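User: I have just opened this one and would like a walk through it. Could we take it step by step?

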Amino acid sequence: MAARTQRLARRRLPGARAHCQAVDARSIAVRDASFDAVVSCYLLELLGSEGILQTLGEIHRVLRPEGGSRWYDWPERARIQRSLPPRRESRAGLLGTAGRDAIPRVIRDYDFAVEHDRKVRQGFYPSRVLIARK
Ligand SMILES: C[S@@+](CC[C@H](N)C(=O)[O-])C[C@H]1O[C@@H](n2cnc3c(N)ncnc32)[C@H](O)[C@@H]1O
């Protein structure tokens with residue numbers, strides 16, 4: 001999928017500097033401050049709490065200062081609630097509160113400013129769209 005997307009992007013937008021490659025989001029093998037924007041679609045909901053924290057840390061690291069990040073993620077009743085253990089201490093320091101607000105708070109703890117946070121529904125599937133800026 002990544003290779004196909006890269007080919008399509010090159011063909012349709014020859015001037016674009018888009019780079020598409022398959023990586024483990026928990027450990028992104030690129031230099032710090034490499035990207036202007038990161039888009040994550042339906043990924044965080046698949047990761048456990050450690051994976052979520054690692055991924056947010058990586059997104060923060062690879063974004064340029066002032067870079068933006070968009071998450072189109074997780075069903076409303078999501079696993080977030082279940083995957084974040086209660087009263088656990090971490091860098092985020094808030095995992096015990098869980099619930100659907102846990103992720104935006106964790107994102108803020110990584111020094112992202114949440115600019116947009118909206119619930120949307122496509123058919124039966126409820127999602128949350130979140131845009132944050134570093
Ligand atoms: C629900 S699919 C969403 C696919 C696509 N983003 C979309 O919105 O249609 C979740 C994707 O996350 C990928 N994935 C799961 N764990 C990952 C990880 N640690 N790092 C990067 N991608 C991961 C899976 O391979 C899968 O392609």
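User: Let me start with a single residue: is Ala-33 buried, partly exposed or exposed?

Analyst: Before I answer, please keep in mind that this is a predicted model. Ala-33 counts as partly exposed, because its relative accessible area is 32%, and it sits in the loop between helix H1 (2-12) and S1.

User: What is the phi of Ala-33?

Analyst: Ala-33 has a positive phi of about 55°, although it is not a glycine. As background, most residues other than glycine have a negative phi.

User: Which other residue that is not glycine has a positive phi, and what is its value?

Analyst: Tyr-42 is such a residue, with a phi near 50°. Tyr-42 belongs to the loop between S1 and H2, and at a relative accessible area of 29% it is partly exposed.

User: OK, stepping back, how many helices and strands are there in the protein?

Analyst: The protein has 4 helices and 4 strands, and read from the N terminus on, these elements follow the order α-β-α-β-α-α-β-β.

User: And how much of the protein is buried?

Analyst: Of the 134 residues in the protein, 40% are buried. The accessible surface of the protein comes to about 8300 Å², and carbon and sulfur atoms account for 51% of that surface. As for contacts between residues at least 6 apart in sequence, 65% of them join residues at least 24 apart.

User: Can you show me a buried residue in a helix, say Gln-6 in H1, and what does it touch?

Analyst: Gln-6, which is found in helix H1, is buried because its relative accessible area is 9%, under the 20% cut-off. Leaving aside residues up to four places away in sequence, Gln-6 touches Ala-18, His-19 and Cys-20.

User: Switching to charges, how many salt bridges does a search of the whole structure find?

Analyst: The search finds 6 salt bridges. In general terms, side chains of opposite charge can pair when their charged atoms come close. One of the bridges is between Arg-64 and Asp-36, whose closest N and O atoms are 2.6 Å apart. This pair links distant parts of the chain, since Arg-64 is in strand S2 (residues 63-73) and Asp-36 is in strand S1 (residues 35-41), 28 residues apart.

User: How exposed are Arg-64 and Asp-36, and which network are they part of?

Analyst: Both residues count as partly exposed, Arg-64 with a relative accessibility of 27% and Asp-36 with 47%. Together with Arg-17, Asp-36 and Arg-64 are linked in a network of salt bridges.

User: Which salt bridge has both residues in helix H2?

Analyst: That is the bridge between the side chains of Arg-61 and Glu-58, at 2.8 Å from N to O. Both residues lie in helix H2 (residues 49-62) and are 3 residues apart, about one turn of the helix. Arg-61 is partly exposed at 23% relative accessible area, whereas Glu-58 counts as buried at 12%.

User: What about Glu-115, which residue does its side chain meet in a salt bridge?

Analyst: The side chain of Glu-115 meets that of Arg-133, with 3.1 Å between N and O. Glu-115 lies in strand S3 (residues 113-122) and Arg-133 in strand S4 (residues 125-133), so this bridge ties together parts that are 18 residues apart in sequence. Arg-133 is partly exposed, with a relative accessible area of 32%.

User: There is a ligand too; which residues are around it?

Analyst: The residues around the ligand are Val-23, Asp-24, Ala-25, Arg-26, Cys-41, Tyr-42, Leu-43, Leu-46 and Leu-47, and sorted by class, this shell has 7 nonpolar and 2 charged residues, with no polar ones. Tyr-42, which came up earlier for its positive phi, is thus also among the residues around the ligand.

User: Where do polar atoms of the protein lie next to nitrogen atoms of the ligand?

Analyst: Asp-24 has a polar side-chain atom 2.9 Å from a nitrogen atom of the ligand. With Ala-25 and Cys-41, by contrast, a polar backbone atom is involved, and the distance to a ligand nitrogen atom is 2.8 Å for Ala-25 and 3.0 Å for Cys-41.

User: And how much of the ligand does the protein cover?

Analyst: On its own the ligand has 590 Å² of accessible area, and the protein covers 48% of it.

Terms used:
Residues numbered from 1 in each chain as written. Predicted model: local features only at pLDDT ≥ 70, side-chain atom pairs only at ≥ 80, totals over all residues. Heavy atoms only, no water. Salt bridge = Lys/Arg side-chain N within 4 Å of Asp/Glu carboxyl O. Helix = DSSP H or I, 4+ residues; strand = E, 2+ residues; numbered from the N terminus. Buried < 20%, exposed > 50% of the residue type's maximum accessible area, 1.4 Å probe, protein only. Near = heavy atom within 4 Å. Polar contact = N/O pair within 3.5 Å; in protein donor to acceptor, adjacent residues only side chain to side chain. Areas by Shrake-Rupley, 256 points an atom, 1.4 Å probe, with all protein chains shown as cover. Nonpolar A, V, L, I, M, F, W, Y, C, P; charged D, E, K, R; others polar. Contact = heavy atoms within 4.5 Å.
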